Amino acid sequence: MFKGKKVLVLGLAKSGKAAVELLKFMHADITINESKKKEDIPEYDKYVSEGIEMVCGGQPDELFERDFDFVVKNPGINYHAPFILRLKERGIPVYTEIELGYKVAKKQHYIAVTGTNGKTTTVTLIYEILKAAGRKAHICGNYGIPYCEVVLNEHLYEEEGHDVVVEMSNFQLIDIEEFKPEVATVLNLTPDHLDYMDSLDEYYASKMRIYMNQDENDLFINNSDDETLQSYLAQYPVPSHIETFSVKSLADVELKDNAIYYKGQKVISRDEIKIVGLHNVANMMVAIAACRAVGVSLESIHDTLAAFKGVEHRIEFVRELDGVRYYNDSKGTNTDAAVIAIKAFEKPVILLMGGHEKNLDLKDVREQNPLIKTLICFGETKERFSKDMQHPHTIVVDHMKDAIFKAKEIAEEGDVVLLSPSTSSFDEFHSYVERGNVFKDIVNKL
């Protein structure tokens, strides 16, 4: 398919490396452009020995004047970057590695999930249900596993009929062309990535691309509780069959008598669910609709939901010490995620909040001040967050570790200490995963 095709791979993060391996397998003619210097790229000598051209240390103009059949772009590279725009102006297709994997793979059953919050929990639920039902299931995408890696390792280039559960960020959706999921959903829409997108409208509109290639044989699962989402669905009509879910009103998947029902059939009581918060009820509703759509029984779905203990770094219980419970919500990298985490508890929390400046408005979090016993701000945003939150009991410290020690000092028996940063980690850590792991390590050593 791609034998002899000239392909430029932009960026050597996980997805870039996976794309390179798949392209090598397909005998493409590969050029890699990486902004790091060659001495900082562990694979440099290996790639060169394999006949791959390496262009390192920047984005030279002459590289983007060359003729490539297509380009595979790391989703973290801004699609408004001048060198990306130059490629597109010249008519050279620019894809992310999910689109590349889709083009290489035989026909599979794709379940695609996007939205601002809840994606990782929802795809994990769907994957666990499918796996427990004995299906050939894989999980990938923004979840942390590149799809190209799955295609290569699981032989999806020659096998078909597998279930592929894909968590998709808007960065990944921007550069799809043919990707067509049988089941798709936009979980919710709240402000995020304003450091990357031109506008909030552009961010929301990019999420709607998840169903752009669907047809009437496919399914879109619609969160009827989200008014913003409804307005964008009206602007960008869904071409597929629709099923609704709601924690507030009548829907195909609904909450009544303190239980989740699917089309009138009881699936699971809330007292059987181990993860906290109404938002997780909504995530389970999506998993129920998605898995029923591909033929899993409600009994099997129930058993997996009842056993599910949650996702790492998302309102994750760490430990109880001196009657104080510590929770890690490092994956809460925007304000809506913080609101969800704060509201998941039955009493006010000691909130640890801060990190890299993404210029997000804190109004929604500020409205939760009655649910916050004490606010501890840290990191690059500490001064702005402490000022904008207007909380009467606010403490400002330099680093996350200082926030943890201060929380231990002031916490009383029965309190909850919640790390829900409301922003990204890049001032102090490489990722939310590293931030969450450091939090857990410090808390476990208290």
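**Buried elements, strand pairing and cysteines**

Helix α4, which spans residues 97-104, is mostly covered, with eight of its eight residues buried. The structure described here is a predicted model. The buried residues of α4 include the charged-residue names Glu97, Glu99 and Lys103, and Ile98, Leu100, Gly101, Tyr102 and Val104 are buried in this helix as well.

Leu100 of α4 also belongs to the largest nonpolar core, a group of 56 residues. Within this core, the residues that touch the most other members are Leu23, Ile32, Leu100, Tyr147, Met168 and Phe179. A second core, separate from the largest one, contains 42 residues, among them Ile111, Val113, Ile129 and Phe308.

The surroundings of Leu23 can be described in further detail. When neighbours within four places in sequence are set aside, Leu23 is in contact with Leu100. Its other contacts of this kind are Phe2, Val7, Val9, Ala28, Ile30, Phe70 and Val72.

Several of these contacts lead to the strands. Strand β1, formed by residues 6-10, is mostly covered, and four of its five residues are buried. This strand pairs with strand β2 (residues 29-34) in the parallel sense, over five bridges. One of the residues involved is Leu10, whose bridge partner in β2 is Asn33. Strand β1 is also joined to strand β4 (residues 70-73) by four bridges, and these two strands run parallel. Here the bridge partner of Val9 is Val72 in β4; both Val9 and Val72 are in contact with Leu23.

The connection between β1 and β2 involves a helix. Together, β1, helix α1 (residues 14-25) and β2 make a right-handed β-α-β unit.

The cysteines were examined for disulfides. A disulfide is a covalent bond between the sulfur atoms of two cysteines. With a cut-off of 2.5 Å between the sulfur atoms, the count comes to zero disulfides. Cys140 is in no disulfide, and the nearest cysteine sulfur, belonging to Cys148, is 9.5 Å away. Why does the sulfur of Cys148 form no bond with that of Cys140? The closest cysteine sulfur to that of Cys148 is in Cys140, and no bond is possible because the distance of 9.5 Å is too far.

Are these two cysteines buried or exposed? Cys140 has a relative accessibility of 0% and therefore counts as buried. Cys148 is likewise buried, because its relative accessible area is 0%. For a residue to be called buried, this value must be under 20%.

Note on methods:
Residues numbered from 1 in each chain as written. Predicted model: local features only at pLDDT ≥ 70, side-chain atom pairs only at ≥ 80, totals over all residues. Heavy atoms only, no water. Buried < 20%, exposed > 50% of the residue type's maximum accessible area, 1.4 Å probe, protein only. Pairing = 2+ DSSP bridges. Right-handed = clockwise from strand over helix to strand, strands pointing away. Core = buried A, V, L, I, M, F, W, Y, C linked by side-chain atoms within 4.5 Å. Contact = heavy atoms within 4.5 Å.
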